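Hi,

Here's the structure I promised to pass on. My notes on what turned up are underneath.

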Amino acid sequence: MNRHLLLIGFMGTGKTSVSERLHQMLGTGQSDTDRMIEEREGMSISRIFEEKGEAYFRNAETRLLGELTAMKPMVISCGGGMALRPGNAALMKAAGTVVLLTARPQTILERLKDDDTRPLLAGRKDADYIRTLYESRRPAYEAAADIQISTDGRSIEDICQEIAEKIKKSC
Ligand code: S3P
């Protein structure tokens with residue numbers, strides 16, 4: 001692999017779980033933009049949102065994207081809002097192949113129902129809210145993606161196999 005493989009998509013589409021298996025399959029390193037930002041800031045994503053605000057977090061995301069081209073090719077799980085800001089898609093495409101993971105709102109709800117680490121879903125964890133937010137983001141996700149993979153009802157292994165097959169042609 002000579003370029004990064006960036007996983008994007010809504011919260012709960014499996015980016016972290018997929019990246020943890022996929023990097024083993026591909027024999028590369030692995031990273032996660034949320035974790036990198038948390039390490040740099042010395043606080044959790046929820047606390048960054050609370051204390052510094054969402055705009056601060058979005059700036060940190062864009063700054064990090066700009067640094068990726070200098071890093072060794074790896075599988076990178078991106079925060080669910082990474083593809084939304086104008087300009088970020090171009091930075092991602094310059095850094096590597098962008099894989100969009102998708103899931104139905106009901107699947108997302110099921111996966112995140114006991115999770116309290118997503119500030120944007122705090123107190124609003126219902127299928128209607130998730131569907132509305134997802135639909136408002138879908139055009140940006142699709143515009144940023146080179147490859148799209150559905151994750152509903154599938155094992156991580158199966159999803160990773162499909163990605164590995166598809167990227168053989170583009171990485
Ligand atoms: C966000 C998704 C989160 C995290 C932050 C904002 C979003 O990442 O970056 O809470 O705007 O969708 P995950 O997609 O890994 O949950």
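**Around the ligand**

Aspartate 34 has a side-chain N or O atom 2.8 Å from an oxygen atom of the ligand, which fits the cut-off for a polar contact (a pair of N or O atoms within 3.5 Å). Two arginines do likewise: a polar side-chain atom of arginine 58 is 2.6 Å from a ligand oxygen, and one of arginine 137 is 2.7 Å from a ligand oxygen. On its own the ligand exposes 390 Å², and the protein buries 96% of that (Shrake-Rupley areas, 1.4 Å probe).

Before going on: this is a predicted model, with local features needing pLDDT of at least 70 and side-chain atom pairs pLDDT 80 or more, while totals for chains, interfaces and linings use all residues. Numbering runs from 1 along each chain as its sequence is written, and side-chain values use heavy atoms, leaving out hydrogens and water.

In total, 13 residues surround the ligand, and the closest are Lys15, Asp34, Arg58, Arg118 and Arg137 (a heavy atom within 4 Å counts as near). That shell has five charged, five nonpolar and three polar residues, with Gly counted as polar.

**Salt bridges**

The whole structure has 17 of them (a side-chain nitrogen of Lys or Arg within 4 Å of a carboxyl oxygen of Asp or Glu). One pairs arginine 131 with aspartate 128, closest N and O atoms 3.2 Å apart. Both sit in helix 7 (residues 127–144), three residues apart, so about one helical turn separates them; helices here are DSSP runs (H or I, at least four residues), numbered from the N terminus.

Cheers

Methods. A polar contact is a pair of N or O atoms within 3.5 Å; within protein, one must be able to donate a hydrogen and the other to accept it, and residues adjacent in sequence count only if both atoms are side-chain atoms. Helices (H or I, at least four residues) and strands (E, at least two) are DSSP runs, numbered from the N terminus.
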